[in-house]
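Hello,

Here is the structure I said I would pass on. Please open it first, then read the notes that follow.

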Amino acid sequence: MARDRRIEELFGIDLPIIQAPMAGAQASAMAIAVANAGGLGSLPAALLTHEQMRTELAIIRQQTGKPVNVNFFCHTPPAPDVTREAGWRARLSSYYAEFDIDPAAPIPSSNRAPFDETFCAIVEEYRPEVVSFHFGMPNAALVDRVKATGARVVSSATTVAEARWLEARGCDAIIAQGNEAGGHRGIFLTEAIGSQPGLFALLPQVVDAVDVPVIAAGGIADGRGIAAAFALGASAVQVGTAYLFTPEAKITPMHRVALKSATDDGTALTNLFTGRPARGLMNRVMREVGPISADAPAFPTAGGALMPLKAKAEAVGSGDFSSLWSGQSAALGREMGAGELTLALWAEARERIGER
């Protein structure tokens, strides 16, 4: 059976490997290394200001002429909810007392910026070859402006229904995000997190449901996973957690240590750190408060009250209150450069599928 090569043609890349955009865990260096190795490097914009995004894109354009992806969240910021914020702080009050933190001190801002007019103007200025979204799609007028730059538009689906919704709204390709994936779930049509399918169930059904090429994401960390995704109809794979082991990853020492001892059953979906479900390595606050809590404020505000606890714990080398994002295949991670990893993944996959 011939491999679906549409993503390579659509994005203009040499290898069907996409480095997952990981907000807070990487910047331009990782995207550049992956792009120069022949894959699609990605720059996450959710935690960047407009000026920071300009700076990162300028660096990328200086250091590679290869295609890159810029990723945005497209959520609707919630209205302030003083009562819920107060309840969340009360839920964490025993930890504040333990770490001698003033419970009446102002809560730091925990924000992730959605795609807006200014971000769109930056896309029009720098013209990345691929623009991807998480949590659905922005409004049609913004999507039209992105497409007018020549960029290919991609978004994540966690169900077949979401994949169909995305295709109907103009996605050029769809990421099928299995439940194994680390970081935030792309879920947007439902809040039924408990019924989310794993990649092996989701991928072939999405491939059958849409006409655009499909990118497999979730638990893929070596050539075996890539070959399996191709067998199920994927045109490319998106790899995230494996790239957290690279020197280009901008994660804390605690996160690196936790990843090195990760097990297949050592992660869970949690809403404690942002208000939306995201997969991370289990730690103290996830075990004692969650991992899912109805008390957590709406995305992206939940993390504000945890920030003082995170700072105190990390100061003594603890990740007990940190978001240690990871997928379920972290145990397969290898320490090497992001470009080297990209080439190694493809060499392994190519051998598996018998492609020269």
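**Charges over rings**

The charged end of Arg 276 lies over the ring of Phe 299, at 5.7 Å from the ring centre. Please keep in mind that this is a predicted model. A second case involves Arg 3, whose charged end sits over the ring of Phe 230, 5.1 Å from its centre.

**Aromatic pairs**

A pair of aromatic rings is described by two things, the distance of the centres and the angle of the planes. Searching the whole structure gives twelve aromatic pairs. In one of them, the centres of the Phe 72 and Phe 133 rings are 6.2 Å apart and the planes are at 35 degrees; the pair is called tilted because this angle is neither under 30 degrees nor over 60. Phe 72 belongs to strand S3 (residues 68–73) and Phe 133 to strand S4 (residues 130–134), so this pair links distant parts of the chain, with the two positions 61 residues apart. Both Phe 72 and Phe 133 are buried.

Phe 299, already mentioned for Arg 276, also forms a tilted aromatic pair with Phe 73, with 6.0 Å from centre to centre and 50 degrees between the planes. This pair too links distant parts of the chain: Phe 73 is in strand S3, and Phe 299 is in the loop between helix H12 (284–289) and helix H13 (307–315), 226 residues apart. Are these two residues buried or exposed? Phe 73 has a relative accessible area of 6%, and because the cut-off for buried is under 20%, Phe 73 counts as buried. Phe 299 is buried as well, with a relative accessible area of 7%.

Ring pairs also join Phe 72 and Phe 133 with Phe 115 and Phe 119 into a cluster.

**Cavity**

How many cavities of 30 Å³ or more does the whole structure have? The search finds one. The largest cavity has a volume of about 40 Å³. Its lining has seven nonpolar residues, three polar residues and no charged ones. Among the lining residues are Phe 11, Leu 40, Asn 69, Ser 132 and Gln 238.

**A sheet of three strands**

Strands of a sheet pair through backbone hydrogen bonds, and the pairing is either parallel or antiparallel. Here, an open sheet of three strands has the order S7-S11-S10, and its pairing is antiparallel. Strand S7 (183–184) and strand S10 (267–270) are the edge strands, each pairing on one side only. S7 is joined to strand S11 (residues 278–281) by two bridges. The bridge partner of His 184 in S11 is Ala 278.

Regards

Key
Residues are numbered from 1 along each chain as its sequence is written. This is a predicted model: local features need pLDDT of at least 70, side-chain atom pairs count only at pLDDT 80 or more; totals for chains, interfaces and linings use all residues. Side-chain values use heavy atoms; hydrogens and water are left out. Rings of Phe, Tyr and Trp (its six-membered ring) pair if their centres lie within 6.5 Å; planes under 30 degrees apart count as stacked, over 60 as edge-to-face and the rest as tilted. Helices (H or I, at least four residues) and strands (E, at least two) are DSSP runs, numbered from the N terminus. Buried means under 20% relative accessible area, exposed over 50%, partly exposed in between (1.4 Å probe, protein chains only). A charge sits over a ring if NZ of Lys or CZ of Arg is within 6 Å of the ring centre and within 35 degrees of the ring normal. On a 1 Å grid over the protein atoms alone, a cavity is a set of points where a 1.4 Å probe fits but cannot get out, and a pocket is an open set with protein on both sides within 12 Å along at least five of seven lines; lining residues have an atom within 4 Å of a point. Grid points are joined across faces, edges and corners, and a volume is the space filled by probe spheres set on the points. Ala, Val, Leu, Ile, Met, Phe, Trp, Tyr, Cys and Pro count as nonpolar, Asp, Glu, Lys and Arg as charged, and the others, Gly among them, as polar. Two strands pair if DSSP finds at least two bridges between them.
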